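Me: I'd like to go through the contacts in this model with you. Shall we take them one question at a time?

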There are 4 protein chains.
Amino acid sequence: MSDETSRIEAFSDGVFAIAITLLILDVHVPSSNQGSLGHALAKQWPTYVAYLISFAFIGIMWVNHHRLFNHIRRSDNGLMFLNLLLLLGVSVVPFPTALLAAHYYSGGRTMAAAVFNGTYVVIAVFFNVLWHHAVRGDLLDSATRESAEAISKQYAVGPISYLVCFGLTWISVPASLAANIALAIFFAMPPRAGGTKRERKMHIAAI
Amino acid sequence: MSDETSRIEAFSDGVFAIAITLLILDVHVPSSNQGSLGHALAKQWPTYVAYLISFAFIGIMWVNHHRLFNHIRRSDNGLMFLNLLLLLGVSVVPFPTALLAAHYYSGGRTMAAAVFNGTYVVIAVFFNVLWHHAVRGDLLDSATRESAEAISKQYAVGPISYLVCFGLTWISVPASLAANIALAIFFAMPPRAGGTKRERKMHIAAI
Amino acid sequence: MSDETSRIEAFSDGVFAIAITLLILDVHVPSSNQGSLGHALAKQWPTYVAYLISFAFIGIMWVNHHRLFNHIRRSDNGLMFLNLLLLLGVSVVPFPTALLAAHYYSGGRTMAAAVFNGTYVVIAVFFNVLWHHAVRGDLLDSATRESAEAISKQYAVGPISYLVCFGLTWISVPASLAANIALAIFFAMPPRAGGTKRERKMHIAAI
Amino acid sequence: MSDETSRIEAFSDGVFAIAITLLILDVHVPSSNQGSLGHALAKQWPTYVAYLISFAFIGIMWVNHHRLFNHIRRSDNGLMFLNLLLLLGVSVVPFPTALLAAHYYSGGRTMAAAVFNGTYVVIAVFFNVLWHHAVRGDLLDSATRESAEAISKQYAVGPISYLVCFGLTWISVPASLAANIALAIFFAMPPRAGGTKRERKMHIAAI
């Protein structure tokens with residue numbers, strides 16, 4: 001049934017590609033009567049930061065989604081709908097991104113950053129639910145089944161990392177954004193050259 | 001002519017993926033001078049409900065569209081244009097969704113909910129027209145031709161379900177939304193474990 | 001080099017699918033202080049008409065684009081860039097569609113309808129240029145080369161039909177819209193059952 | 001590992017197709033109370049120029065992206081993320097395009113044009129980084145490896161050309177736009193008929 005999963009992947013790729021590209025629509029052009037354009041552009045730096053974090057997270061999720069489906073050899077009804085749930089999370093991302101950008105300077109800054117980071121917590125949980133369904137439903141290829149437990153432990157890192165960022169928003173929004181950026185760089189960084197193939201696989205699995 | 005149908009499927013997948021992802025553009029960020037952001041976010045719950053219903057319905061339609069084309073072994077001019085008609089319906093969905101979100105608190109609430117549910121009635125009818133064209137035009141594979149009549153009965157459930165929701169809007173808009181949510185959950189739920197393969201297939205066909 | 005053309009087709013399909021789905025973003029929700037919602041929705045009928053015409057035309061163009069590339073067996077630099085020119089035309093469609101919708105009741109109605117129909121004249125010309133490049137550059141498969149002259153005559157119908165609609169805008173905008181709708185229905189209608197396979201092919205080629 | 005790169009290509013194609021089609025959303029319809037519609041449409045010519053330049057540049061980048069991946073025979077972690085960086089640049093394009101269109105008549109014209117051209121400098125640099133990673137990481141097919149040095153020299157033309165346009169913005173914005181248009185035409189023009197196959201390949205590589 002790799003035909004079945006290849007169609008799910010193609011549809012998912014479409015949603016990932018669209019969501020990641022739509023993000024730019026919420027980076028607004030400053031109006032012409034706000035004084036110096038350079039100043040106005042600089043002032044909306046939270047918009048760029050939110051944009052970059054969301055772009056990085058969706059990009060990393062796409063990489064991980066593909067790796068996950070590389071190991072899935074057949075599909076079932078549950079996989080189909082849990083994947084739609086994951087895509088729901090990915091499609092939603094432009095909203096909390098725009099929310100954070102619009103309210104960084106307003107009284108709603110903490111709330112906006114909490115919604116922003118909360119979205120990623122939920123997506124990471126959906127990712128884990130999808131993975132556990134694939135393990136329990138025996139949808140994986142035989143090679144992956146052996147290392148499933150180890151991979152499960154690694155996947156659990158995602159929700160915890162995002163939960164830390166979520167917690168940080170209540171203490172300091174700039175600190176939570178810094179943690180987001182650090183997380184994105186950590187996920188994107190190449191693993192140590194000396195690592196085994198399995199270690200490298202695990203590194204990237206952390207979402 | 002499975003090449004012909006595979007191209008129709010790829011184009012259709014694109015339209016489904018874009019329509020489902022564009023929905024988020026109509027979930028607007030509350031402006032910063034509306035008091036507490038948390039309160040403002042909570043107040044626009046009808047927006048989230050309309051978004052979730054439309055996301056679920058487009059997702060379910062995509063699943064069904066794929067199942068339908070799994071059984072179609074050749075294409076003709078009519079299939080091409082009836083499929084475009086179905087995609088027209090799917091592409092339109094962001095408009096009634098935004099309409100319902102914007103007018104839930106206005107005097108136009110009933111009208112907005114009627115347009116919302118009316119759209120799904122029309123799409124479900126288009127779906128049935130497409131199916132009947134495939135049956136009459138002998139476009140199905142031989143395995144499906146035998147069970148075509150049974151499947152036709154199942155597909156008829158879609159327009160009737162949506163028609164019930166449409167009727168409900170004139171009595172109570174919240175009730176019609178509750179019926180929409182119930183419908184989405186019913187369509188997405190896995191069939192009973194004891195069911196035969198054919199029963200499971202039929203279950204999901206109900207749109 | 002069918003690999004080369006298959007990649008052009010995939011990219012083109014993406015642009016067609018996105019352009020056709022983006023059209024709905026210009027169907028705006030009436031604001032809640034415009035009196036009866038039903039009345040406000042009915043009043044913006046030119047928006048729906050412009051939307052439907054553009055959806056039909058992009059859909060028909062997609063069908064024809066695929067038919068054209070079915071006959072092209074190899075690609076060159078010119079084909080690549082003439083195809084990008086055609087996609088430029090397709091991508092632009094949401095703008096004249098929104099223009100016509102916004103200015104149907106303003107003093108700019110004739111100008112808006114002229115831009116609307118002028119866009120389709122230009123796209124149809126681009127389509128013919130692409131076709132002639134494929135003929136002259138010997139990019140077609142051998143079967144098509146023989147009937148190339150006959151197909152060329154048929155393709156010429158597109159620009160002329162749109163030019164008639166364009167001319168009509170200066171006499172009567174409603175008449176030009178009626179001509180647009182008639183054109184879309186004519187292009188979409190199945191050819192007479194008695195026609196030969198070649199006649200049927202020609203019918204649809206008229207854009 | 002051509003399966004790995006084909007998935008990267010499909011996702012990249014999606015992002016290119018969406019970014020190029022989204023550009024039209026920033027070509028705004030003039031409001032109906034701005035006097036003559038024809039005049040209002042003519043007055044926003046900088047919007048069309050910015051749109052056409054960005055459409056051409058994204059189209060050319062897509063062509064080059066495909067040519068690049070034609071020569072890449074295997075993928076690694078770095079390629080994956082450097083490609084995401086390139087796609088980040090491509091996705092961003094609608095923002096500087098809208099910025100230039102909105103501020104051509106404002107005091108921020110120079111700043112807007114600098115951001116516009118600066119974006120293309122950055123994208124061209126990302127393109128070169130991706131290429132050098134492929135060369136250094138031994139990801140190319142053997143045929144390309146031999147001519148890698150010559151191709152590297154050609155790819156360096158891109159950032160330099162865009163840097164010249166960027167420099168021009170500080171002297172004259174109209175001159176920089178003219179240089180942009182000249183660049184787009186040069187990149188799109190077919191190479192001289194007498195050129196060797198390798199020369200033709202190099203011509204297009206200049207981004």
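Me: How many salt bridges are counted between chain C and chain B?
Reply: This is a predicted model, where local features need pLDDT of at least 70, side-chain atom pairs count only at pLDDT 80 or more, and totals for chains, interfaces and linings use all residues; side-chain values use heavy atoms, leaving out hydrogens and water. Residues are numbered from 1 along each chain as its sequence is written, while chains are lettered from A and ligands numbered from 1 in the order in which they are written. A salt bridge needs a side-chain nitrogen of Lys or Arg within 4 Å of a carboxyl oxygen of Asp or Glu. By that rule, the count for chain C and chain B is 0.

Me: Which element gives the most to the side of chain C that touches chain B?
Reply: Polar contacts, pairs of N or O atoms within 3.5 Å with one able to donate a hydrogen and the other to accept it (neighbours in sequence count only through side-chain atoms on both sides), join just 1 residue pair across this interface, both at pLDDT 80 or more. Helices H1 (2-22), H2 (37-43), H3 (45-71) and H10 (173-188) of chain C each give two or more residues to this side; helices are DSSP runs of H or I with at least four residues, numbered from the N terminus. With 11 residues, the most comes from H3(C).

Me: Which three residues supply 23% of the area that chain C buries against chain B?
Reply: Buried area is the accessible area (1.4 Å probe) lost when two parts are put together, summed over both. Chain C and chain B bury about 2,500 Å², with 81% of it on carbon and sulfur atoms. More than any other three residues, 23% of chain C's share is supplied by C:Thr21, C:Leu37 and C:Trp62.

Me: How many residues of chain B are in contact with chain C?
Reply: Contact means heavy atoms within 4.5 Å. On the chain C side there are 37 such residues, and chain B contributes 29.

Me: Why do chains C and B meet through different surfaces, and what percentage shows it?
Reply: Look at which interface residues of chain C are also interface residues in chain B. The copies meet through different surfaces because the overlap is only 8%.

Me: How are chain A and chain D related?
Reply: Superposing by least squares on C-alpha atoms of residues with pLDDT of at least 70 in both, chain A lies on chain D with an RMSD of 0.0 Å after a turn of 90° and a shift of 0.0 Å along the axis. The two are thus related as by a four-fold rotation axis.

Me: Which element gives the most to the side of chain A that touches chain D?
Reply: Chain A and chain D have 0 salt bridges between them and 1 residue pair in polar contact. Here H1, H2, H3 and H10 of chain A give two or more residues. The most, 11 residues, comes from H3(A).
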